[in-house]
Amino acid sequence: MSQVGIAKKNIRNFSVIAHIDHGKSTLSDRLIQTCGGLTQREMAEQVLDSMDIERERGITIKAQSVTLYYDANDGERYQLNFIDTPGHVDFSYEVSRSLAGCEGALLVVDAAQGVEAQTLANCYTAIDMDLEVVPVLNKIDLPSAEPERVAQEIEDIVGIEAHDAVRCSAKTGIGIDEVLERIVKQVPSPEAEADDEAPLQALIIDSWFDNYQGVVSLVRIKKGVLRVGEKMKVMSTGQDHIVDKVGIFTPKQTETGVLRAGEVGYVIAGIKEIHGAPVGDTLTHSKRPADKMLPGFKKVQPQVYAGMFPISSDDYENFRDALDKLSLNDASLFFEPENSGALGFGFRCGFLGMLHMEIIQERLEREYDIDLITTAPTVVYKVETTKGEIKMVDNPAYLPPVNEIQAIYEPIVEANILVPQEHVGNVITLCVERRGMQTNMVYHGKQVALTYELPMAEVVMDFFDRLKSTSRGYASLDYQFKRFDESDMVRVDILINGERVDALAMILHRSQAQYRGRDVVDKMRELIPRQMFDIAIQATIGNHVIARSTVKQLRKNVTAKCYGGDVSRKKKLLQKQKEGKKRMKQLGNVEVPQEAFLAVLKTGK
Ligand SMILES: Nc1nc2c(ncn2[C@@H]2O[C@H](COP(=O)(O)OP(=O)(O)OP(=O)(O)O)[C@@H](O)[C@H]2O)c(=O)[nH]1
């Protein structure tokens with residue numbers, strides 16, 4: 001199969017966008033298989049979702065790419081560079097970075113489910129970026145598929161022409177050839193903009209750290225040609241590097257030695273410092289540099305912050321290294337050192353949402369073998385002090401004392417929810433519970449589009465899960481930050497035997513402080529094991545105690561039931577206890593398990 005010599009007019013760069021579970025990965029695999037990118041045997045279940053955790057959870061997180069060759073019905077051979085995008089609401093920003101490398105996007109919609117919130121959000125992102133959107137109705141093999149209705153829905157809700165959209169089944173393979181034909185016919189080639197003679201401009205779509213190769217960057221060459229052996233410059237840092245390898249993923253890493261304007265592929269340039277090739281940056285030649293950087297994509301701000309502390313202080317350096325490595329692949333992961341009276345040295349980390357946080361935590365534990373305690377996540381509050389200063393507070397422990405606070409402003413998001421009519425009532429109840437304000441409600445056939453303004457703190461934690469369960473899985477959600485609003489927020493502290501535990505403090509709306517405080521102390525009472533003395537757990541606002549409970553002292557000795565000489569059994573029991581202790585933290589003279597720190601998060605909702 002020829003991999004060079006494809007004319008620019010025969011190149012198509014595209015992404016697949018879809019709501020989660022509409023079949024994006026399955027369709028991607030089909031396209032790869034149809035174009036002969038991999039044999040059946042080589043094809044692990046879903047090749048584009050390469051991280052273990054992704055595969056286990058069945059969701060796509062990182063953008064990946066693959067170059068395919070397709071012999072179209074017009075007799076020409078086309079190079080299809082296809083960049084995968086993530087589907088979960090926490091990761092919608094990564095969609096924009098994948099799209100920045102493309103001229104077109106396949107909009108995959110499940111023909112049984114219909115349009116959902118991220119279908120809409122992702123599609124608007126693509127339209128904003130001037131991409132050609134090609135609608136595809138997937139899963140037509142399902143008896144419940146209603147392609148006509150869903151095509152109408154796409155026209156009504158998304159507002160693009162969809163009646164002649166391809167009907168296909170990624171699962172059975174029906175219509176896949178037609179999908180490829182549409183890509184070739186509808187997605188523009190990069191020819192118009194791609195000038196080989198111009199100074200090099202290559203956009204870094206993604207970068208990741210590989211233990212053997214150093215930093216690998218996925219790039220879209222906008223202008224110029226990049227060859228092995230040349231000296232290139234990372235424009236934001238001004239640093240020069242010699243290009244070691246360039247090539248494409250087929251999906252196997254395949255060296256081509258050159259990448260031309262209009263193409264997508266990887267660059268390896270011996271960059272060891274992992275922040276040396278930031279995502280969104282521009283590469284150019286050192287000798288004949290471009291005069292300006294390409295517009296990067298929207299820089300994302302973390303929305304949720306939490307403290308992460310290694311259980312063993314020996315792990316601190318490893319923990320820092322691991323965060324460094326993870327943050328290269330993940331521009332949205334933020335961290336800075338934090339010192340907690342209760343938990344010692346750790347890092348304050350910023351995430352896009354709860355799923356992002358869970359995934360990072362799992363990767364740290366699984367891939368880097370670091371046992372962590374994570375504190376309750378919080379959003380960022382804007383605080384005006386009595387002196388007129390403005391402070392951004394992402395850690396309850398740093399909220400100024402009450403008498404120094406003039407006002408607290410909390411972040412508000414605009415949430416777009418799509419839900420079938422029969423579940424609208426439940427969804428509205430949920431939004432009201434979460435202090436939401438309805439700003440719009442429109443009926444589109446069977447579906448209702450709701451727009452709410454909601455406090456971000458109420459959305460990021462478990463709103464998505466609740467929304468799903470209250471609508472039997474049918475409601476979908478997309479949200480973005482809107483503004484800060486003044487709000488009656490208070491800090492609730494948790495005291496264990498009279499000592500304030502900084503890592504357990506929370507910022508809450510006053511109307512919720514009482515019952516959340518009660519919930520937390522009750523939950524903590526269940527989670528803290530009984531010890532040789534009574535343990536008092538209190539929730540307070542300032543000096544005012546709002547809830548209290550007690551863990552009664554322990555009377556029995558655990559080893560007492562191992563009589564006399566059975567040493568091995570005794571040892572085993574002690575060993576078991578020790579393992580249990582691994583996830584315990586000593587606070588004063590009280591041992592507190594890791595779960596207790598998360599109790600703050602799991603209560604009250
Ligand atoms: N019946 C049927 N099922 C399909 C089809 N395409 C995908 N599926 C199933 O739908 C589910 C979701 O498919 P995925 O390809 O993982 O969905 P996705 O959109 O990539 O999801 P994320 O990777 O999480 O964004 C899987 O169980 C697939 O087997 C299809 O054409 N017909």
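Which residue in β22 is the bridge partner of V383? The close-ups below come from a predicted model, and the first one has the answer.

**View 1. The hairpin of β21 and β22.** Look for V383 and you'll find K391, its bridge partner in β22. Strand β21 covers residues 381–385 and strand β22 covers residues 390–393; they run antiparallel, joined by four bridges. Between the two strands sit four residues. In this hairpin G388 takes a positive phi near 85°.

**View 2. An open sheet of four strands.** Read across, the order is β18-β19-β17-β20, with antiparallel pairing. β18 (334–340) and β20 (372–374) stand at the edges with a single partner strand each, so each has one side without a neighbour in the sheet. From one strand to the next, the twist averages 30°.

**View 3. Strand β17 meets β20, with helix α8 packed on the sheet.** Three bridges link β17 (residues 304–310) to its antiparallel partner β20. To get your bearings, find F309: its bridge partner in β20 is I373. Helix α8 (residues 354–366) touches β17, β19 (344–351) and β20, and its direction makes about 165° with that of β20.

**View 4. The two sides of helix α9.** Within α9 (residues 424–433), V427, L430 and C431 are buried. These three sit on the same side of α9 because they cover an arc of only 100° around the axis. Over on the other side, G425, T429, V432 and E433 are exposed. What do the buried residues of α9 pack against? They pack against β23 (405–420), β25 (447–455) and α11 (463–470). Just after α9 comes R435, with a positive phi of about 60°.

Technical notes:
Residues numbered from 1 in each chain as written. Predicted model: local features only at pLDDT ≥ 70, side-chain atom pairs only at ≥ 80, totals over all residues. Pairing = 2+ DSSP bridges. Axes fitted to C-alpha atoms, helices over the stretch in contact; angles between N-to-C directions. Contact = placed C-beta atoms within 7 Å. Buried ≥ 20, exposed ≤ 12 C-beta atoms within 10 Å, placed from the backbone. Arc of directions from axis to C-beta.
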